[in-house]
Amino acid sequence: MATTTPRVGHKPRTARHAGAPSGPLVVRPARRASRRKRRSATLTALTVIMLVYTLLPLAWLAINATKTQKGLFDSFGLWLDGDFALFGNIADTFSYNDGIFTRWLLNTVLYVVVGAGGATFLATLAGYGLAKFDFPGKKAVFATVIGAVAVPGTALAVPTFLMFSEMGLTNTPWAIIIPSLVSPFGLYLMWTFATDAVPKEILESARVDGAGEFRTFFRISLPMLAPGIVTVLLFNVVATWNNYFLPLIMLKDPDWYPLTLGLNSWNAQASTVGGEAVFNLVITGSLLTIVPLIVAFLLLQRYWQSGLSAGSVKG
């Protein structure tokens, strides 16, 4: 079949509908594009406002941690003072009151590792079991978990204190660790995540091959649950690291204080008779307190990204 080659400089004709008037075509600007631009500008403005709202307290904390006790009151809060005292404040924070800040830091790490880590492990086991196994009363368990999520932790603090007081566990680390092991919200997250993250076909194939339930869980299901586990872990770590009300009513011995309660006791010294105001140490200690949380988020965010990419290519 013969083919015709278009001449150089020849523009192909544009197909027109029958009865369309001849003449140049008029291209009208799309209104949707302008609307998208307006929406994008609004979204960008709101994002900038939220970013400033979120980072402004952090910036204030970082700037004022570089000032001396006198410089906190003689300079603007969002500007550096002439005397850069960050490293001196850090040294004084760890040495003040016989180095009690180090003890508070170790206590907090203990509560997080045992409490938050144990809560994540229990939530993973329970959420996986509730998602992949059927048993009588499953709906009742689901209703109980949802109800437990709706109950704030402060409402349970006083009953927990009375129960632990009868058991003789108050003013001990167990008074903080045992309540931290229960995480209804983490259990609910793992339940919903494990429902879709682990296909039933894979579990059935593993059972046909003779793998036991524990081996199937630890060798096959656990890697698939990694993004959900990291999410629950970070929620539990943040909640335990920033826990204040429960240690306040459970602990009397300063040697078992976490960082939140210990820094508050330093801050309260200024209002007591004969107390020493150490606001520069309180601010520096607060900055040191949030650094581990920032590092944890930066190190573990890749698991979220891998989980999202894995879900996007699943067919």
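A salt bridge is a side-chain nitrogen of Lys or Arg within 4 Å of a carboxyl oxygen of Asp or Glu. Arg-207 and Glu-213 fit that description, because their side chains meet at 3.0 Å, N to O. The model described here is predicted. Its chain has 13 helices and 0 strands. This briefing covers the overall fold, the salt bridges and two helix contacts.

**Overall fold**

- Read from the N terminus, the elements run α-α-α-α-α-α-α-α-α-α-α-α-α.
- The chain has 315 residues, and 30% of them count as buried.
- Take the contacts in the chain with a separation of 6 or more: residues 24 or more positions apart account for 70% of these.

**Salt bridges**

- Side chains of opposite charge can pair when their charged atoms come close.
- The structure holds 3 salt bridges.
- Lys-70 pairs with Asp-74 in one of them, with the closest N and O atoms 2.6 Å apart. Both Lys-70 and Asp-74 are exposed.
- Lys-138 forms another with Asp-134, where the closest N and O atoms are 3.3 Å apart. Asp-134 has a relative accessible area of 70%, so this residue is exposed; the cut-off for exposed is over 50%.
- Arg-207 and Glu-213 make the salt bridge described at the start, at 3.0 Å from N to O. Arg-207 is partly exposed, with a relative accessible area of 34%. Glu-213 is also partly exposed, and its relative accessible area is 34%.

**Helix α4 against helix α7**

- Helix α4 spans residues 138-150, and helix α7 spans residues 184-197. The two pack at an angle of about 130°, and their axes lie 8 Å apart.
- That angle makes α4 oblique to α7, because about 130° falls outside the ranges for roughly parallel, roughly perpendicular and roughly antiparallel.
- The crossing of α4 past α7 is left-handed.
- On the α4 side, the contact is made by Lys-138, Phe-142, Val-145, Ile-146, Ala-148 and Val-149. On the α7 side, Pro-184, Phe-185, Leu-187, Tyr-188 and Trp-191 take part.
- By class, the residues of this contact are 10 nonpolar, no polar and 1 charged.
- Lys-138 belongs to the α4 side of this contact, and Lys-138 also forms the salt bridge with Asp-134.

**Helix α3 against helix α12**

- Helix α3 covers residues 86-132, and helix α12 covers residues 259-268. They pack at an angle of about 155°, with axes 8 Å apart.
- The two helices are therefore roughly antiparallel to each other, since angles over 145 degrees count that way.
- From α3, the contact draws on Thr-93, Tyr-96, Asn-97, Ile-100, Phe-101, Trp-104, Leu-105 and Thr-108. From α12, it draws on Leu-259, Gly-262, Leu-263, Ser-265 and Trp-266.
- This contact has 8 nonpolar and 5 polar residues, and no charged ones.

**Thr-93, one residue of α3**

- Thr-93 lies in helix α3 and is part of the contact with α12.
- Thr-93 has a relative accessible area of 0%, so this residue is buried; buried means under 20%.
- Setting aside neighbours within four places in sequence, Thr-93 is in contact with Phe-101, Trp-266, Leu-281, Thr-284, Gly-285 and Leu-288. Among them, Phe-101 and Trp-266 also belong to the contact of α3 with α12.

Terms used. Residues are numbered from 1 along each chain as its sequence is written. This is a predicted model: local features need pLDDT of at least 70, side-chain atom pairs count only at pLDDT 80 or more; totals for chains, interfaces and linings use all residues. Side-chain values use heavy atoms; hydrogens and water are left out. Axes are lines fitted to C-alpha atoms, for helices over the stretch in contact, and angles run from 0 to 180 degrees between N-to-C directions. Helices (H or I, at least four residues) and strands (E, at least two) are DSSP runs, numbered from the N terminus. Angles under 35 degrees count as roughly parallel, over 145 as roughly antiparallel, 65 to 115 as roughly perpendicular and the rest as oblique. A crossing is left-handed if the near helix is turned anticlockwise from the far one by less than a right angle, and right-handed if clockwise. Contact means heavy atoms within 4.5 Å. Ala, Val, Leu, Ile, Met, Phe, Trp, Tyr, Cys and Pro count as nonpolar, Asp, Glu, Lys and Arg as charged, and the others, Gly among them, as polar. Buried means under 20% relative accessible area, exposed over 50%, partly exposed in between (1.4 Å probe, protein chains only).
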